[in-house]
Amino acid sequence: MPLLLLDLDNTLLDRAGPFRRWGERFLDSIGAPHTDIDWLVSIDADGLTDRWDLADAIRDRYELRIPSIDLVEELHDGVVAQTRLDPLTACALRIADDAGWVPVVVCNGTVRVEDAKIRRTGLDQYVADWVISEEAGVSKPNPRIFALAAQRVRMPLRGSWVIGDSPEADIGGAAAVGLPSVWLHRGRTWSDVRFAPSRTVDGLIAAVATVLAR
């Protein structure tokens with residue numbers, strides 16, 4: 001039974017949509033222009049900007065007296081509250097499981113946030129386990145985190161596939177550990193010359209179908 005090593009944000013669970021919805025509500029609550037959502041999404045950089053830096057940028061732009069720590073909490077909890085599991089994603093994971101694959105989440109981030117997303121959405125019912133970088137002490141693309149995921153479910157890495165949307169963390173990580181991969185392009189064009197995904201698709205459903213039909 002091979003492993004299906006899956007990224008979390010913008011792979012198994014949409015992050016862009018929940019962040020935008022939270023942002024729109026937050027901006028409305030402080031009386032900021034609705035058009036500022038584009039600035040907020042841009043400075044968030046798809047979640048790559050440190051939460052403390054993002055909180056400070058928001059406080060500075062709107063001259064808020066909210067303590068940074070409170071705004072960081074709001075950023076964490078607000079996005080988690082907006083996150084939902086797509087029923088089609090749950091169905092795809094169930095099909096993969098029925099076909100003999102073992103789905104395991106491998107993600108970068110904090111335990112508090114990523115664990116909450118997995119449990120609150122019910123995703124935990126469709127995966128065998130998950131490994132979060134903060135807890136593991138190592139982040140993607142380091143091959144060790146994929147090895148830890150295999151150890152977590154007591155299975156070999158051989159025969160596994162990696163699915164994710166990050167060129168560096170997911171596809172670069174798969175290349176580093178010598179595994180085939182599927183990249184969720186999300187409207188982007190592949191540009192890295194150091195490595196490349198085995199397959200490129202437009203979403204999780206197509207990614208799982210690609211692996212099952214390999």
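**Pockets, a one-sided helix and selected loop residues**

Helix H5 (87-98) and helix H10 (204-212) each contribute at least two residues to the lining of the second largest pocket in this structure, which is a predicted model. The second largest pocket holds about 250 Å³ of space, and 15 residues line it, with Thr-11, Asp-14, Asp-86, Thr-89 and Leu-204 lying nearest its centre. By residue type, the lining of this second largest pocket divides into six nonpolar, four polar and five charged residues.

The largest pocket has a volume of about 740 Å³. Its lining is made up of 30 residues, of which Asp-9, Asp-46, Gly-47, Leu-48 and Asn-108 are the closest to the centre of the pocket. Helix H4 (68-82), helix H6 (111-120) and helix H9 (167-177) are the elements that give two or more residues to the lining of the largest pocket. In terms of residue type, the lining of the largest pocket consists of nine nonpolar, eight polar and 13 charged residues.

Helix H3 was examined for its length and for the placement of its buried residues. Helix H3, formed by the twelve residues 51-62, reaches 17 Å from its first C-alpha to its last, which is close to the 16 Å expected at 1.5 Å a residue. Its buried residues are Arg-51, Leu-54, Ala-55, Ala-57, Ile-58 and Tyr-62. Because these residues cover an arc of only 160 degrees around the axis, they lie on the same side of H3. The cover over the buried residues of H3 includes helix H1 (16-29), helix H2 (37-44) and H4.

Two buried loop residues were considered together with their contacts. Ser-160, in the loop between helix H8 (143-152) and strand S4 (161-164), has a relative accessible area of 1% and is therefore buried, the cut-off being under 20%. When residues up to four places away in sequence are not counted, Ser-160 touches Leu-3, Leu-5, Leu-179 and Pro-180. By contrast with these contacts, the C-alpha atoms of Ser-160 and Arg-120, which are 40 residues apart along the chain, are separated by 27 Å. Leu-85 is found in the loop between H4 and H5, and with a relative accessible area of 17% this residue is also buried. Apart from residues up to four places away in sequence, Leu-85 touches Leu-12, Leu-13, Ala-90, Thr-121, Gly-122, Leu-123 and Tyr-126. The C-alpha atoms of Leu-85 and Ala-175, 90 residues apart along the chain, are separated by 28 Å.

Backbone geometry was also considered in the loops. Lys-140 and Pro-141 are joined by a cis peptide bond, for which omega is about 15 degrees, and Pro-141 lies in the loop between helix H7 (133-136) and H8. A positive phi in a residue other than glycine is found at Asn-10, where the value is near 60 degrees, and again at Glu-63, where phi is near 50 degrees. Asn-10 is placed in the loop between strand S1 (3-6) and H1, while Glu-63 is found in the loop between H3 and H4. With a relative accessible area of 10%, Asn-10 is buried, whereas Glu-63, at 70% relative accessibility, counts as exposed because the cut-off for that class is over 50%.

Conventions:
Residues numbered from 1 in each chain as written. Predicted model: local features only at pLDDT ≥ 70, side-chain atom pairs only at ≥ 80, totals over all residues. Heavy atoms only, no water. 1 Å grid on protein atoms, 1.4 Å probe; cavity = no way out; pocket = protein on both sides within 12 Å on 5 of 7 lines; lining within 4 Å. Points joined across faces, edges and corners; volume = space filled by probe spheres on them. Helix = DSSP H or I, 4+ residues; strand = E, 2+ residues; numbered from the N terminus. Nonpolar A, V, L, I, M, F, W, Y, C, P; charged D, E, K, R; others polar. Expected span 1.5 Å × (residues − 1). Buried < 20%, exposed > 50% of the residue type's maximum accessible area, 1.4 Å probe, protein only. Arc of directions from axis to C-beta. Contact = heavy atoms within 4.5 Å.
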